[in-house]
Amino acid sequence: ELEVPAELLAELAEHPRVVGIGEAGLDYHYDFSPREAQAQGFRTHIAAARMSGLPIVIHSREAEDDTISILEEEMGKGAFTPLLHCFTSKPELARAAVAMGGYVSFSGILTYKTAEDLRATAAELPLDRIIVETDSPYLAPVPYRGKSNEPAYVVKTLETLAKVRGL
C-alpha cells in the first residue's frame, strides 16, 4: 500500500500546467477498494487542494452521503474548491458542493433519454457553478452515444444544458 503525502501532491501541483488536484473521491459501485482507504485517499487529496489553492476534481459514485460528510468535515479545517466531475448523483450532493463554493460538471450523460433527474438538477443550480465536460473518450452525448467521445461533441451537452435552462 502506497500512500502519497498531501505535501508531496501539493508540491507536484506547483507545475504551471497543473490546474487541479485529482480526480479523487469515493466509488462504492464496484467496491474494488476498502471504503476506509478511499476516504483516506480522498482526504489526502482535499488537503493537497487546500495547500495548493487548486480545485479538487471529485469522483463520487453511489457514495453521496459519505462524500457530503467528508466535504463538510474537511471544509471545517479550511477552505478548498470542490468540483464534482461527471456528475450523476443525487441533487443533494450538487447543492452541498455549490453551498461550499464549488462547481458541478455535466458530461454527455445529460443528453441521455433516461437522465431526467440529472437535467432537473442542472436546471436548478446557479449557472455560474456549472461546467460541461467531455469525459473523453467516454460518455459521448446523443447523437454520438456509443462512439468514442471527443471534445467537439461537448457542444451537444451544452445545447441540452441551454434547453433545460431556457437559454
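**View 1. Five parallel strands make up an open sheet.** Welcome to this predicted model. The strands of the sheet follow the order β1-β2-β3-β4-β5, and their pairing is parallel. β1 (21-27) and β5 (130-132) stand at the edges with a single partner strand each, so one side of each has no neighbour in the sheet. If you compare neighbouring strands, you will find them turned by 30° against each other on average, with direction ignored.

**View 2. Strand β1 pairs with β2 and is largely enclosed.** How many bridges link β1 and β2? The two strands pair in the parallel sense over six bridges, with β2 taking in residues 56-61. To find your way along this pairing, look for G25, whose bridge partner in β2 is H59. Five of the seven residues of β1 are buried, so the rest of the structure largely encloses this strand. From β1 the chain crosses through α2 to β2, and this β-α-β crossover is right-handed.

**View 3. A cis peptide bond leads into E23.** Here it is worth zooming in on the backbone. Most peptide bonds are trans. The bond from G22 to E23, however, is cis, and its omega is near 20°. E23 belongs to strand β1.

**View 4. Helix α3 lies across three strands of the sheet.** The helix covers residues 64-75 and lies across β1, β2 and β3 (82-84), running at about 150° to β2. Does its length look regular or irregular for a helix? Counting 1.5 Å a residue, the 12 residues of α3 should span 16 Å, and the end C-alpha atoms are indeed 16 Å apart, so the two values agree.

**View 5. The buried residues of α3 share one side of the helix.** Which residues of α3 are buried? They are E64, T67, I68, I70, L71 and E74. Around the axis they cover an arc of only 165°, which puts them on the same side of α3. Their cover includes the strands β1, β2 and β3, together with the helices α2 (35-52) and α4 (91-99).

**View 6. Strands β3, β4 and β5 continue the parallel pairing.** β3 and β4 pair in the parallel sense over two bridges. L84 is a handy landmark here: its bridge partner in β4 is V104. The chain passes from β3 through α4 to β4 in a right-handed β-α-β crossover. Moving on, β4 and β5 run parallel and are joined by three bridges. V104 turns up again in this pairing, with I130 as its bridge partner in β5. The crossover from β4 through α5 to β5 is right-handed.

**View 7. C86 has a positive phi in the loop between β3 and α4.** Most residues other than glycine have a negative phi. C86 is not a glycine, yet its phi is near 45°. Is C86 buried or exposed? With a relative accessible area of 14%, C86 is buried, because the cut-off for that label is under 20%.

**View 8. The loop between β5 and α6 holds a positive phi at L139 and a cis bond before P143.** L139 is not a glycine, but its phi is positive, at about 55°. This residue sits in the loop between β5 and α6 (154-165). L139 is partly exposed, with a relative accessible area of 27%. Farther along the numbering you meet P143, which lies in the loop between β5 and α6 as well. The peptide bond from V142 to P143 is cis, with omega near 15°.

**View 9. Helix α6 turns one face to its covering elements.** At 1.5 Å a residue, a span of 16 Å is expected for the 12 residues of α6; the end C-alpha atoms are 17 Å apart, which agrees. The buried residues of α6 are T157, T160 and L161. Seen down the helix axis, these residues fall within an arc of 100°, so they line one face of α6. What covers them includes β4 (103-106), α5 (116-124) and β5. Just after the helix comes G166, with a positive phi near 70°.

Notes: Residues are numbered from 1 along each chain as its sequence is written. This is a predicted model: local features need pLDDT of at least 70, side-chain atom pairs count only at pLDDT 80 or more; totals for chains, interfaces and linings use all residues. Side-chain values use heavy atoms; hydrogens and water are left out. Two strands pair if DSSP finds at least two bridges between them. Helices (H or I, at least four residues) and strands (E, at least two) are DSSP runs, numbered from the N terminus. Axes are lines fitted to C-alpha atoms, for helices over the stretch in contact, and angles run from 0 to 180 degrees between N-to-C directions. Contact means heavy atoms within 4.5 Å. The expected span of a helix is 1.5 Å times one less than its number of residues. Buried means under 20% relative accessible area, exposed over 50%, partly exposed in between (1.4 Å probe, protein chains only). The arc is that of the directions from the helix axis to the C-beta atoms. A crossover is right-handed if, with the strands pointing away from the viewer, the path from the first strand over the helix to the second runs clockwise.
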